[in-house]
Amino acid sequence: MENLDTFRAETRAWLEENCPESMRTPMPERETPWGGRNADYPNPDTKLWLDRMASRGWTAPEWPAEYGGGGLSKDQARILQQEMSRINARTPLASFGLWMLGPALLEFASVEQKKKYLGEIVRGEIRWCQGYSEPGAGSDLAGLQTKAEDKGDHYLVNGQKVWTSYADHCDWIFCLVRTDSSVKHDGISFLLIDMETPGVEARPIKLISGASPFCETFLTDVVVPKENLVGELNKGWTIAKRLLEHERTMISAMGMGGGGAASMGGMEAMAKENFGEDGDKIADPAIREAVTNHKMDHQAFALTLKRAADEAKAGQGVGAAASMFKYYGTELNKRRFELLLDVMGTQALGWEGEGFDPRELSITRSWLRSKGNSIEGGTSEVQLNVIAKRVLGLPDA
Amino acid sequence: MALVLTEEQTMLRDMAKQFFTEQVPVTNLRKLRDEESADGYDKAVWQQIVELGFAGILIPEEQGGTGFGPIGLGIVMQEAGRTLAATPLYSTAILGAGLILASGSEAQKAELLPKIASGELLTALALEETAHHNPKQVAMTAEQNGDQIILSGQKSFVIDGHIADKLIVVARTSGAAGDANGLSMFLVDAKAKGVTVTRTHMVDSRNAANVNFDKVSVPASDALGPLGAAMAELEAVLDLGRACIAAEMLGGIEAVFDTTLAYLKERKQFGVIIGTFQALKHRAAEMFCEVELCHSVVLDALSALDERRNDVPRAVSLAKARLGDAARVISNEGVQMHGGIGMTDAVDMGLYLKRARVQAQMLGDTNFHRARYAELGGY
């Protein structure tokens, strides 16, 4: 315990000295520190903060120090997180490499691969995207057809990926590719591809929210060195599934009210603004009931996330918890935005320009974006299938 | 505090689980019902519960109890709820012991608590007067007459009312229905002159009664706590009761879910196991998520009570409201997924369905607790 107290004191002092003032303010979306070769830092402090944190490995606090991580214990990592929260420090790096690929590499990659890729991720040098879905392989992901042919000293990759997040801004892509067409799950491999390789092309897809966070990614005669294969040939599905768990955990956090402008605390205040107050109460009884129900669902979900974390710490696992959280969290988030629309009326229906304040416009766009939460990373229906099969043991048809 | 059971609590749970599963299975309730038991509970089972220390679970060791606290109590209630065990735990070990501990004089505690722990004394809370829980609406009067108090009025839904030795009566020494102030509590002998107890046969085959008080005279020294100021302590103990019913309901929905899931894996139609149908799989998976959320809110409510957190009322209302809704949905699904056989008395689904509705009304239904949650949150 004494060691942890010392760690806390040192961490606090270091953060005080090294976290720039502007990195202790709420983060506008355009300042999100995605990193990468072509990273754009509208606020130069973002880069400074990233470099300082990365120098200690604290962008990936629990990764081993030999691969550039912080090498912290769980308790130390929690203290770091607490000390960062204490000064409202921004996250130094937002990255699919950190959240999804890194944990999978730690588990499945060779030592050489870990040395090369993990360090780049920790330092925010390479921005990764995920090449999973294809036009013909959505919920049935294992039906993917993008082919990697063995050409002796390299693989030749041909096919098309879709829903690749920010592919037009990314440097590398981790891909599921078919290396054996005679079998389904056992013919898939996990391949890392540099997007500067000739034959890789990313085209943004315009969504109903007006934004284009996803791309179609075309792979035409792309030459990929053999050492870019992670794990064994034709064993990529195991990696894919593990990585999806990390993705689901990440997405389910949205149920907790990410997206700032529409934060939970604001819901009842907005309801009072729109419908008036009767004493302390929201004057409209139907809206009051809906808001209350929602807040109670939110609290029950938050307690369940806490319980799962506490159980994990105590060494009691909740099986397939990731699917449960993904399902409940994303459905909850969709309900939240629908309720905000009810609360705000026509003020939540502006597209742009005069007549709406930025917060209102942001809620409209976030409402539209939220529709994808229960589709990406495995639809709600797929999550329910996973729970039925893996947790409840219900048989396949 | 972490939302996980300690080693000691896990041992208590295992012990309670084994006891209720082996000694008080659902057939015990069926037997009481079918034999039209006059008591409505099994005295031999109650004696075993006393010996296990569950009757004195709230009571400190120096007064003959085991002092396991709210989480321990909730764990026992959850396991009792799994098998629909009909016992006076709620009326006596929770509300009776709870109110005496919270409001009793040293003399009352010294006299009554050891008797509760040893199983000699059964109590019942006479609170409700209408078909919906609402403590502030108590209208029954308690008039002071020298050193005597005269109680007049009617109470309903008095759980275990007809087997209780002592009734804890909530009545008004001042103010009018709707006022939080002016409520007082009295210990009244069930056999006192002017007390008429009428057993009411409820849908869940468990004990309840209506009690009439016709100018019942009790000495002022039998007041439980100060006159006119019972609300704060009463509410605190009601919150304990609410959390414990929520825990009992959790046990009930777990039992319904487990039984239904087993049935989905065994029942065949169209030549296949019905659990292969996606329409049923998805509903089962949704129930699983709901049961998990219920676990969390119940454990948090019990923890809040255990740690005397200042958000006890909100945590408790969150749990009682959620379990009310969840138990309705899951008990309905249990019947539906069993199909025709689920409608028969031979299968336990109906027993859980009926119990769930009574539990939902005990100490406030979902509407009551949702409104309370909002009010406490300032909206």
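Here a visitor asks a guide about a predicted model of two chains, A and B.

Visitor: What ipTM does the predictor give the complex?

Guide: Good place to start, since this model is predicted. The predictor gives the complex a pTM of 0.89. Its ipTM is 0.94.

Visitor: Which stretch of chain A has a pLDDT below 50?

Guide: Chain B averages a pLDDT of 97, and 100% of its residues score at least 70. For chain A the mean is 92, with 95% of residues reaching 70 or more. One stretch of chain A falls below 50 but still has nine contacts in the model beyond near neighbours in sequence. That stretch is residues 258–262.

Visitor: Which element gives the largest share of the side of chain A that touches chain B?

Guide: Let's look at where the chains meet: 35 residues of chain A are in contact with 30 residues of chain B. The elements of chain A giving two or more residues to this side are helix 7, strand 10, helix 8, helix 9 and helix 11. The largest share is 15 residues, and it comes from helix 8 of chain A.

Visitor: How many residues on that side of chain A are nonpolar?

Guide: We can sort the residues of chain A that touch chain B by class. Six are polar and 11 are charged. The nonpolar ones number 18.

Visitor: At what angle do helix 9 and helix 11 of chain A pack?

Guide: Helix 9 covers residues 321–344 of chain A and helix 11 covers residues 380–391, with their axes 9 Å apart. Helix 9 of chain A passes helix 11 of chain A in a left-handed crossing. Among the residues making the contact are Tyr327(A) of helix 9 and Leu384(A) of helix 11. The packing angle is about 150°.

Visitor: What is the distance between the end C-alpha atoms of helix 11 of chain A, and why does it agree with the expected span?

Guide: Helix 11 of chain A has 12 residues, and at 1.5 Å a residue they should span 16 Å. The model agrees with that, because the end C-alpha atoms of this helix are apart by the expected 16 Å.

Visitor: Which helix of chain B do the buried residues of helix 11 of chain A pack against?

Guide: The buried residues of helix 11 of chain A include Val382(A), Asn385(A) and Ala388(A). They pack against helix 9 of chain A together with a helix of chain B. That partner in chain B is helix 8 (278–306).

Visitor: How many residues of helix 8 of chain B are buried?

Guide: Helix 8 of chain B has 29 residues and reaches 42 Å from its first C-alpha to its last, close to the 42 Å expected. It is followed by Arg308(B), whose phi is positive, near 50°. The helix is mostly covered, and of its 29 residues the buried ones number 23.

Visitor: Is Leu84(B) buried or exposed, and why?

Guide: Leu84(B) sits in the loop between helix 4 and helix 5 of chain B. Setting aside residues up to four places away in sequence, it touches Val26(B), Leu29(B), Leu351(B), Tyr352(B) and Arg355(B). Burial takes 20 or more other C-beta atoms within 10 Å. Leu84(B) has 26 C-beta neighbours inside 10 Å, so it counts as buried.

Visitor: How far apart in space are His162(B) and Arg199(B), C-alpha to C-alpha?

Guide: His162(B) is in the loop between strand 3 and strand 4 of chain B. Because it has 19 C-beta neighbours inside 10 Å, His162(B) counts as partly exposed. In sequence His162(B) and Arg199(B) are 37 residues apart, and they touch. In space their C-alpha atoms are separated by 5.8 Å.

Visitor: What value is phi of Trp163(A) near?

Guide: Most residues other than glycine have a negative phi. Trp163(A) lies in strand 3 of chain A, and it is buried, with 23 other C-beta atoms within 10 Å. Its phi is positive, near 65°.

Visitor: And what value is phi of Ser205(B) near?

Guide: Ser205(B) is found in the loop between strand 6 and strand 7 of chain B. With 20 C-beta neighbours inside 10 Å, Ser205(B) counts as buried. Phi here is again a positive value in a residue other than glycine, near 60°.

Notes:
Residues are numbered from 1 along each chain as its sequence is written. Chains are lettered from A and ligands numbered from 1 in the order in which they are written. This is a predicted model: local features need pLDDT of at least 70, side-chain atom pairs count only at pLDDT 80 or more; totals for chains, interfaces and linings use all residues. Axes are lines fitted to C-alpha atoms, for helices over the stretch in contact, and angles run from 0 to 180 degrees between N-to-C directions. Helices (H or I, at least four residues) and strands (E, at least two) are DSSP runs, numbered from the N terminus. A crossing is left-handed if the near helix is turned anticlockwise from the far one by less than a right angle, and right-handed if clockwise. Two residues are in contact if their C-beta atoms, placed from the backbone, lie within 7 Å. The expected span of a helix is 1.5 Å times one less than its number of residues. A residue is buried if 20 or more other C-beta atoms lie within 10 Å of its own, exposed if 12 or fewer, and partly exposed in between; C-beta atoms are placed from the backbone. Ala, Val, Leu, Ile, Met, Phe, Trp, Tyr, Cys and Pro count as nonpolar, Asp, Glu, Lys and Arg as charged, and the others, Gly among them, as polar. pLDDT is the predictor's confidence in each residue, from 0 to 100.
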